[in-house]
Amino acid sequence: MTEFLQQLINGLALGAIYALIALGYTMVYGVLRFINFAHGDVFMLGAFAGYFLSPLVNRVLPAQSYAGGIIVLVLAMAICAALGMLIEILAYRPLRNRPKLTVLITAIGVSLFIEYTCQHRAVFGAAPRNFPDLIPANNWHLGGVVLSSNQVIVFVTTLLLLAALRFIVQRTKVGTAMRAVAFNEQAAALMGVNINSIISFTFGLGSALAAAGGILFAMNYASIDPLMGVQTGLKAFVAAVFGGIGNLPGAALGGVIMGVVETFAGGIPGLSNYRDGIAFAILIGVLIFRPAGLLGKVQTEKV
Amino acid sequence: MNIPLKSFLWSTVAVSLVLLSSPGCNKPSGGGDGAGGEPIKVGQFASLTGKEATFGISSDEGTILAIEEINAAGGVLGRQLKLLTEDTQSKAGEPATVVNKLIARDGVVAILGEVASSRSLEAAPICQQSKVPMVSPSSTNPKVTQVGDYIFRVCYTDKFQGDVIANFVSKSLKAKKAAIFTDVKSDYSKGLAKYIKDKFLTNGGTIVAELDFNGGDKDFKAQLTAIKAANPDAVFVPGYYTDAALICVQAKQLGLTAPFVGGDGWESEKLTEIGKDAVENQYFSTHYHPDVGSELSKKFVENYKKRWNGKTPDALAACGYDSVLVLADAIKRAGSTDGQKIRDALAATKDLQAVTGKITIDENRDANKAAVILQVKDGKYKYLETVEP
């Protein structure tokens, strides 16, 4: 029982991070109908932004303080939001009216470009780095179950960000415009919505969430490297498809389920090697019975 | 608007291409053509960047030091040694590419490398086929030298290391129940895990949990939670330092207090840098410790510190140094740079005094040498005991 609860906590903490990244994939898909494969690398850049910002912030605020941690998080999110917008303007906007396949392949190119540039020794280098403790680390023992302060931070931050995202998308003018663009781009343009700035905003928002995910991931697992976004990004992408791509609550749910399933599979001797495989197998199973994902709606295409 | 943007895009692509194709590290080191004749070209493939970078760099530094010392003393057969080094980036696939390049394009007479068994196993068939002798400084998986009669190593094998680790845990730590946590992506880890397990079971111990991970993973909590539930007296982690450090950190977070024990894959300053207080008091076995050893190894420590800005040599550096000693000795005895003759001379290496001990190459083309057990204390590696084969 203790083991079950512990694995559940581990899985939820991992899943919460997947959820944050999955939201970025699903939002971009919602408005542009393509998968931004460079999203996992923005997640990595977020972690590195935190790594380099932390000593700068510590000059003003004491190390391992909540205020310092929050400032690092917010700054990294802002930097990655800007990077996300830049990627969209440089790589995707010129291809806006080309076939979707062209954009998709460009996205893979952007992803490889970021990964290999960052591995160059003049940038970050390929060696893993130790991520600093941003906040004071504590472990609470509840019976045999250990809950770390980092895990609590992951849950709290994810919930806050999800609530903020929901508010932005559902209650604000720009969120309404985002939904309008997702629903019908041309009609939205005719209603006076500035398509370019809305798409930029979507990329910025998604990238900020990925950056938050990157920092939470780095805080929880202590080491970062330029290829950390590859596997994590792939899992989050799968989580987004799993929950129903284009559907925001679906992405969050998909992320949490992925994290929990993967963790439970990882804890079984003999199966631990296949933890990624099992998560993907379940995805295939779900997609056979619900091709649009858990919460996705099947859209009939008019010919 | 569209045109300048496009040209900017192209220039970005151009810059990225330049970055990607910038020449590797084909830096010849260790003197030019001092004493008569063409220099003898020796190739090295090493993980100078990536996951096992600190291993590759240490090994490379030891290798360079040995080459420079030999050249300063007049070289081999009256000719200087010229080292050509290629980086494998700690990645599968790279060794084949760079070793082919060293043999085909640069025409090296012998190959040195690598630290990681998986990557040595990738290069070994190429060297065997081209009949170019290969000397691995610190690949311990037994399969490496089984590839063929042109493949040698100057370190012990995991068969021996597995026995050493298992005996230490059953006898010195008095552990009865152990868990084993293997990196299934690495030939080194899989091989060592098997030998540790066999010996530990023979010693009367039981393995209460066997879990796997993939090298490069970041999240180990799922497996560690299962290990904790099995309540072992000790946990074997026969992996590399990056993963081992993260495993110790996450085990500590989960309140798993059993000692962790590893092999020579642990010895790197990154272990304590990433692991911090979580790796304190953990144990691992390796090839050598600067505190114990012969006159030659004391001299080596001194020269190494002088050459590399006061850095204390680790076991990988010592093995890298020894790989050059063994090769140079063989070339000298062969009296030629012919691949076949160097091979025969390498196979006949006997009682060669080297930094990590006296090296005799046995019939399996492995070196029979002692292992040392170290413990992490105050972020340093403390010598505990030496185990003779």
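The following dialogue discusses how to read several features of a predicted model.

Biologist: Where should a reading of chain B begin, and how many helices and strands does its secondary structure have?

Modeller: The model is predicted, and the secondary structure of chain B comes to 13 helices and 14 strands. Its radius of gyration is 22 Å, close to the 21 Å that the globule rule gives for 389 residues, so chain B is as compact as a globular protein of that length. Along the principal axes, the C-alpha atoms of chain B fill a box of roughly 75 × 65 × 40 Å.

Biologist: What percentage of the residues of chain B count as buried, and what percentage of its contacts join residues at least 24 apart?

Modeller: Of the 389 residues, 59% count as buried. For contacts in chain B between residues at least 6 apart in sequence, 69% join residues at least 24 apart.

Biologist: How does one read a sheet, and what is the order of the strands in the open sheet of chain B?

Modeller: Strands of a sheet pair through backbone hydrogen bonds, in either a parallel or an antiparallel manner. In chain B, an open sheet of five strands follows the order β2-β1-β3-β4-β5, with parallel pairing. The strands β2 (81-87) and β5 (151-153) of chain B stand at the edges with a single partner strand each, so one side of each lacks a neighbour in the sheet. From one strand to the next, the twist averages 25°.

Biologist: How many bridges join β4 to β5 of chain B, and which residue stands opposite B:Val135?

Modeller: Strand β4 (residues 134-136) of chain B is joined to β5(B) by three bridges, and the two run parallel. B:Val135 stands opposite B:Phe152 in β5(B).

Biologist: Which strands does helix α2 of chain B lie across, and which does α12 of chain B lie across?

Modeller: Helix α2 (residues 53-72) of chain B lies across β1 (40-46), β2 and β3 (110-112) of that chain, and runs at about 170° to β2(B). Helix α12 (residues 315-334) of chain B lies across β1, β2, β3 and β4 of chain B, at about 165° to β3(B).

Biologist: How many residues of strand β6 of chain B are buried, and how many bridges pair β6(B) with β7?

Modeller: In β6 (residues 177-183) of chain B, six of the seven residues are buried, so this strand is largely enclosed by the rest of the structure. β6(B) pairs with strand β7 (residues 206-213) of chain B in the parallel sense, over seven bridges. The bridge partner of B:Phe181 in β7(B) is B:Leu211.

Biologist: How is a pair of packed helices described, and at what angle do α1(A) and α10(A) pack?

Modeller: Two packed helices are described by the angle between their axes and the distance between the axes. α1(A) and α10(A) pack at about 145°, with their axes 6 Å apart. Their crossing is right-handed. The residues of this contact comprise 16 nonpolar, nine polar and one charged.

Biologist: Which elements of chain A each supply at least two residues of the side that touches chain B?

Modeller: In total, 32 residues of chain A are in contact with 35 residues of chain B. The elements of chain A that each supply at least two residues of its side are α1 (2-32), α4 (100-119), β2 (139-142), β3 (145-148) and α10 (248-266). α1(A) gives the most, with five residues. By class, this side of chain A has 13 nonpolar, 16 polar and three charged residues.

Methods: Residues are numbered from 1 along each chain as its sequence is written. Chains are lettered from A and ligands numbered from 1 in the order in which they are written. This is a predicted model: local features need pLDDT of at least 70, side-chain atom pairs count only at pLDDT 80 or more; totals for chains, interfaces and linings use all residues. Two residues are in contact if their C-beta atoms, placed from the backbone, lie within 7 Å. Helices (H or I, at least four residues) and strands (E, at least two) are DSSP runs, numbered from the N terminus. Ala, Val, Leu, Ile, Met, Phe, Trp, Tyr, Cys and Pro count as nonpolar, Asp, Glu, Lys and Arg as charged, and the others, Gly among them, as polar. Axes are lines fitted to C-alpha atoms, for helices over the stretch in contact, and angles run from 0 to 180 degrees between N-to-C directions. A crossing is left-handed if the near helix is turned anticlockwise from the far one by less than a right angle, and right-handed if clockwise. Two strands pair if DSSP finds at least two bridges between them. The radius of gyration is taken over C-alpha atoms; the globule rule is 2.2 Å times the number of residues to the power 0.38. A residue is buried if 20 or more other C-beta atoms lie within 10 Å of its own, exposed if 12 or fewer, and partly exposed in between; C-beta atoms are placed from the backbone.
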